[in-house]
Amino acid sequence: QSSGINAEYGDNYPQFKKFSGTVSKHVAIVGELSRIVQDHNLLEVSETEQLMTTQASHSEVQQKISSLLRNPKVREMEILRLVLLYCICYEGQSGHNPRQFIEAMRNRGVSEAKCKLATSIMNYGGKAVRGGQLFGEETKIAMTKKYFKGLQGVENIYTQHKPYMIDLLQQLQLGRLKESDFPWHGGSPQRVGEIIIFVIGGITYEEIKSVHEWNISNPGNKVTLGSTCVHNCRSFLEVVSSN
């Protein structure tokens, strides 16, 4: 019996060694990611971003951004992203004052070209030029959802935001898309089973993930998503700065 066990171990050892190496690599990668998150306060940065995109308390967000701007551990790209999000998320609200944050960026040594992106982002995607309610601003449905979310809490504060694309899919599923924004051809709009979305100018990884989750939870609505490119923060800001 002992020799049989040894023989079986010998046969399985190469596979065991392969799996052991895979696990070691996985642990090393996760450990390095955890270090980066901790060293640069990325959880707090992410939480603040989520609060802004879900229209949390203006004063609370201002305090969090001010605190992160003073924190030397937070990297320049995260600082820039926070300030730009603040510019467009709270535009038009009482007390909206991005200048204080732009000046704080200058004091941290952020280049003037990057500081000027605050103006560029407003010209590119401010309320005066964008269509629809990107952040669910001022709609009764959005206010009701926000109220009940406040009562129930959220499962994960780092994944609160849902892309505007998902709101459009929900409206399409219910046959409630506005004809003025999304004209149709051939009679009255009806509920559809197969949907093709193509975005000129780029989509995000979050949108890809959200559409994938939509397809899983809505088997009766197959959504095919395409675009001219997939953006991350850096590539998107290159587009903003070039306009």
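**A first look at helices α4 and α7**

Hi everyone, let's start with a helix pair: α4 and α7 cross in a right-handed way, where right-handed means the near helix is turned clockwise from the far one by less than a right angle, and anticlockwise would be left-handed. Please keep in mind that this is a predicted model, in which local features need pLDDT of at least 70 and side-chain atom pairs count only at pLDDT 80 or more, while totals for chains, interfaces and linings use all residues. Residues are numbered from 1 along each chain as its sequence is written, and side-chain values use heavy atoms, leaving out hydrogens and water.

Who makes the contact (heavy atoms within 4.5 Å)? From α4 come L80, L84, C87 and I88, and from α7 come L117, A118, I121, M122 and G125. Of these residues, 8 are nonpolar, 1 is polar and none is charged; Ala, Val, Leu, Ile, Met, Phe, Trp, Tyr, Cys and Pro count as nonpolar, Asp, Glu, Lys and Arg as charged, and the others, Gly among them, as polar.

Now to T48, which sits in helix α2, residues 42–53. Helices here are DSSP runs of H or I with at least four residues, strands are E runs of at least two, and both are numbered from the N terminus. T48 is buried, at 0% relative accessible area; buried means under 20%, exposed over 50% and partly exposed in between, with a 1.4 Å probe and protein chains only. Beyond its neighbours within four places in sequence, T48 touches K64, I65, L68 and L82.

Stepping back, the chain has 11 helices and 4 strands, and 29% of its 243 residues count as buried. Thanks for listening!

Conventions. Contact = heavy atoms within 4.5 Å.
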